[in-house]
Amino acid sequence: MHKSFVVWFTGLSGAGKTTLAVELEKKLRELGYENVQRLDGDIVRQDLTRDLGFTREDRNENIRRVGFVTELLSKNGVITICSFISPYRDARKKVRERVTKHGIPFIEVYVKCPLEVLIERDPKGLYAKALRGEIKNFTGIDDPYEEPENPEVIVETDKETVEESLEKILNYLKNENLILGGRPK
Ligand SMILES: Nc1ncnc2c1ncn2[C@@H]1O[C@H](COP(=O)(O)OP(=O)(O)OP(=O)(O)O)[C@@H](O)[C@H]1O
Ligand SMILES: [Mg+2]
């Protein structure tokens, strides 16, 4: 069985976490990796954490539960790709610790994009609502986002195409010997 690792996408809403997670999963499957599981904020919040809101406490509880699942999956050889705003540094650090304590690599990808561009992009119309005050606790508007201090990869989605950002991530994985050019390890 191939080696597992965790790719953790963090960044503001609309920055490109889901887009890149979907593309990464697709690429890994094309390369022959079969045990790949994606966990995405929008989907997880409809099920595993549907009882939670967007206070600091609830956001951290959301990530704590996801961390539990991520640990179980990655411990059992599943490449786990997580896409969550995960605005709090401490919550991300805790997930990192529960993965790396098993010797499993944790790759934090900071999906970076200036707020002005996101407000312009607004794929879900959420920024418009948050700016009108119709949604409260919206990250980047009236809720904080703590930037990663030492992410393994930074993608700047206002300057790069999806393909270029994906390439950066794949290059990191190749350089770390987590994936080979063509075949699973
Ligand atoms: N380099 C890039 N990487 C990823 N997405 C990009 C890039 N350049 C432009 N985009 C566009 O940015 C948008 C990102 O939306 P996406 O739903 O992936 O964001 P998200 O980070 O998952 O947001 P949310 O936290 O609300 O789920 C898409 O429309 C995508 O096509
Ligand atoms: Mg998303």
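Biologist: In which loop, between which strand and which helix, does serine 13 lie?

Modeller: In this predicted model, the neighbouring elements are a strand covering 6–10 and a helix covering 17–30. Serine 13 is placed in the loop between strand 1 and helix 1.

Biologist: Does serine 13 count as buried or exposed, and at what relative accessibility?

Modeller: Away from its sequence neighbours up to four places off, serine 13 touches Ile85, Leu118, Leu126, Tyr127 and Phe138. A residue is called buried when its relative accessible area is under 20%. Serine 13 therefore counts as buried, its relative accessibility being 10%.

Biologist: Which residues come nearest to ligand 1?

Modeller: There are 18 residues around ligand 1. Those that come nearest are Ser13, Gly14, Lys17, Thr19 and Lys124.

Biologist: How far is an oxygen atom of ligand 1 from a polar backbone atom of glycine 14?

Modeller: Ligand 1 has polar partners in both side chains and backbone, including an N or O atom in the side chain of arginine 121, which is 3.2 Å from an oxygen atom of the ligand, and a polar backbone atom of threonine 161, which is 3.1 Å from a nitrogen atom of the ligand. For glycine 14, the pair joins a polar backbone atom with an oxygen atom of ligand 1, at 2.7 Å.

Biologist: How much of the accessible area of ligand 1 does the protein cover?

Modeller: The space taken by ligand 1 is the largest pocket. On its own, ligand 1 has 660 Å² of accessible area, and the part of this that the protein covers is 80%.

Biologist: Which element gives the most to the shell around ligand 1?

Modeller: The elements giving two or more residues to this shell are helix 1 and helix 7, the latter spanning 162–175. With four residues, the element that gives the most is helix 1.

Biologist: Is threonine 161 buried, partly exposed or exposed?

Modeller: Threonine 161 is found in the loop between strand 5 (153–156) and helix 7. Values under 20% would be buried and those over 50% exposed. Because its relative accessibility is 38%, threonine 161 counts as partly exposed.

Biologist: What is the phi of aspartate 122, a residue other than glycine?

Modeller: Most residues other than glycine have a negative phi. Aspartate 122, placed in the loop between helix 5 (115–121) and helix 6 (126–131), counts as buried at 15% relative accessibility. Its phi has a positive value, near 30°.

Biologist: Where is asparagine 137, and what is its relative accessible area?

Modeller: Asparagine 137 has a positive phi near 55°, and its place is in the loop between helix 6 and strand 5. It is partly exposed, with a relative accessible area of 29%.

Notes
Residues are numbered from 1 along each chain as its sequence is written. Chains are lettered from A and ligands numbered from 1 in the order in which they are written. This is a predicted model: local features need pLDDT of at least 70, side-chain atom pairs count only at pLDDT 80 or more; totals for chains, interfaces and linings use all residues. Side-chain values use heavy atoms; hydrogens and water are left out. Buried means under 20% relative accessible area, exposed over 50%, partly exposed in between (1.4 Å probe, protein chains only). Contact means heavy atoms within 4.5 Å. A residue is near a molecule or strand if one of its heavy atoms lies within 4 Å of it. A polar contact is a pair of N or O atoms within 3.5 Å; within protein, one must be able to donate a hydrogen and the other to accept it, and residues adjacent in sequence count only if both atoms are side-chain atoms. Accessible areas come from the Shrake-Rupley method with a 1.4 Å probe; for residues, only the protein chains shown count as cover. On a 1 Å grid over the protein atoms alone, a cavity is a set of points where a 1.4 Å probe fits but cannot get out, and a pocket is an open set with protein on both sides within 12 Å along at least five of seven lines; lining residues have an atom within 4 Å of a point. A molecule sits in a cavity or pocket if more than half of its atoms lie within 2 Å of its grid points.
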